[in-house]
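User: I'm new to this structure and would like a close look at one part of it. Could you pick a spot, walk me through it, and explain the terms as you go?

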Amino acid sequence: MGYIIVLASPVFLGLILIEWLWGMRLAKLGKTGAQTYRLDDAISSISLGVISQISAIFTRVLRIVIYTLVFEQVALVRDDAWWSTWYGALLALVLYDFCYYWFHRASHEVAWFWAGHAVHHQSQHYNLSTALRQSSSGALTSWVFYLPMALLGVPPLIFGIVALVDLLYQFWVHTEHIGRLGWFDRWFCSPSNHRVHHAVNDPYVDRNYGGIWVVWDRLFGSFQEEDPKEVCVYGTRTALNSWDPLWANMQMYASMLHDSWHAKRWRDKLMVFVRHPGWRPADVAQRFPLKAFDIQQFPAFAPVQTPAVQWWGGAWFVVLLSCSSAVLWFMDGMVWGEAATCVLGVTAGLWGVNAMLQNRLSPTMCAFVQAAALATAANACGWSDVYVLAKPLALLVLMFAAWQASAGMNGRAWLMAALALSFSGDVLLMGEGLFVPGLVAFLLAHLSYIQLFRKDAPWLHSRRAVAMAISVAAVVFVGLDQNGLPSELRVPVAAYVLVIATMAAQAWGRAKQLGSSASLWVALGSSVFMLSDTLLALDKFVSPLPYAGLWVLASYYVAQGLIVRGVSKTFDDHKNGAKILN
Ligand SMILES: [Zn+2]
Ligand SMILES: [Zn+2]
């Protein structure tokens, strides 16, 4: 399936480009609303499609293995040759589309399934890129709906082919440029009736579920024709307002878990998951009221970027698209852990591009995310030539980002010192037999961070944080000492553990003092730093961890990124506060 998606993707992207240019041309001729694209929205949608395709590696067992098992063990009739004829395959397609109808209907009418499917509907624009916008979690439960086909004896290969045909068919209907098509609209899923499906207008909600045939909707009472007087407004009623592909996948689960957690009655805790999306227990709705949906007040999410940021984002996006095609193409030949690492790397990269387009990351911080993802993947997969370049590069880019963001900041020298020392530590730890010098470099880096965190907060302000950090440090040190730490390293490692625990304690005390979300990121970053170093030590002294390179380096970059971003955001907030006061 990966191969076919890679081969089909130039066609998808080419058609998206044509639709874009076509909209641009019509807009130039003065037709209002003809341009149905926004660069950031399209990048966000395609990113979600990419992540959905590559993350399928994690749901393979559910999608393929269970179907095959049911087919082989309990199929009622077996006649593989019959299903391979054209009429057999056509019947399989009709059966698939029937199952798809019920899956899709459940995806809109049961909260748990909606949480998986909502991703496809979050875009407030409607164009061919919206078609690619797919959920990564839908596959966790969708397989159940297709088991009847396995029971009927549809062979897995035929099932896979018709599933692909059904999916590919639905691409072209996501456009506003094709109007109503007469009789076709009443038989088949078409641009007109699928626009209705994506709209949040009252008469259009929960209509037109069919994948290829919309006849199912007419049979089961869920059909609605497009009404020229009722112009479609697209999106989900609880707007996502974000380009973050990870959050897009989690949004609905998070709100369900929130409501379930806060509901008083056990019945309600459960009902949150199985009732219609949007249903809320009375006590929860009272405690956490939500604004009622009003189509008149439904502004499109539209952060503003400079053209430079758009070009930078576009360029990284093209690079990441190529990487994801390579991952999909070679996935089957890779060891599972390696493939999973590449999937996580591309996902992190796409997250970075989208975060920049939402103005959450600077262009340099976006580049840091890319370099860090590459270094981590290279380390975990053993691409040593790439690793020796990407690892120092990641920290250099981070230093540049920190330098740009901290002009005029109190403690800037300590921030730069911490990063320069981390850079030296990174380089030293790559060399053979340079573990102790590397350790010393990081020890000094942590001392610099401690100095930085003292600039705007009292010394070890939270006793609880000190107690926590020291306890964790003690457990880690005793654990290492009892399980293989060489005796000559006892003193340096003890000193190191003490210093990093102090850094975390200071950062949490600082967060308590400042009370801002940015200071919390710094505290979190410091704790992740402790985690990263603990993993490194466990791997080195106790026993090798599977894919240590992935966990150690990924957590290290998350820690450094959180600290730099948190510190510079605190500084930004401070500057903006000063501006308001003036
Ligand atoms: Zn839908
Ligand atoms: Zn759709």
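Analyst: Here is a short tour of the whole chain, followed by a closer look at one helix pair and its surroundings.

First, some ground rules: this is a predicted model, where local features need pLDDT of at least 70 and side-chain atom pairs count only at pLDDT 80 or more, while totals for chains, interfaces and linings use all residues. Residues are numbered from 1 along each chain as its sequence is written, and chains are lettered from A and ligands numbered from 1 in the order in which they are written.

Now the big picture. The protein chain has 26 helices and zero strands; helices (H or I, at least four residues) and strands (E, at least two) are DSSP runs, numbered from the N terminus. Its C-alpha trace spans about 80 × 65 × 55 Å along the principal axes. The radius of gyration, 27 Å, agrees with the value near 25 Å for a compact globule of 582 residues; the radius is taken over C-alpha atoms, and the globule rule is 2.2 Å times the number of residues to the power 0.38. The chain is divided into domain 1 (37-289) and domain 2 (410-581), with bounds from an automatic or database domain assignment. The C-alpha centres of these two domains lie 44 Å apart.

On to the helix pair. Helix α18 (residues 336-357) packs against α19 at an angle of about 180°, with axes 8 Å apart. Those axes are lines fitted to C-alpha atoms, for helices over the stretch in contact, and angles run from 0 to 180 degrees between N-to-C directions. The two helices are therefore roughly antiparallel, the word for angles over 145 degrees (under 35 is roughly parallel, 65 to 115 roughly perpendicular, and the rest oblique). Residues of α18 including Gly345, Gly349 and Val353 meet residues of α19, among them Cys366, Ala373 and Ala377. Here, contact asks for C-beta atoms, placed from the backbone, within 7 Å.

What sits in the loop between α18 and α19? Asparagine 359 does. Although it is not a glycine, asparagine 359 has a positive phi of about 65°. It counts as partly exposed because it has 13 C-beta neighbours inside 10 Å; 20 or more other C-beta atoms, placed from the backbone, would make a residue buried, and 12 or fewer exposed.

Next, what the pair is set in. The largest nonpolar core has 118 residues, and Val353, Phe368, Ala375, Ala394, Leu398 and Ala504 touch the most other members. Helix α19 (residues 363-381) gives the most to this core, with 14 residues, and at least three come from each of domain 1 and domain 2. Such a core is a set of buried Ala, Val, Leu, Ile, Met, Phe, Trp, Tyr and Cys residues joined through C-beta atoms within 7 Å. In soluble globular proteins, nonpolar side chains tend to be buried together.

Leaving aside neighbours within four places in sequence, alanine 375 is in contact with Tyr387, Ala390, Lys391, Ala394 and Leu553. Apart from this core lies another, of 26 residues, among them Val154, Ile158, Phe159 and Val173.

Back at the level of the whole chain, buried residues make up 43% of the 582. Among contacts with a separation of 6 or more, 71% join residues 24 or more positions apart.

Key. Two residues are in contact if their C-beta atoms, placed from the backbone, lie within 7 Å.
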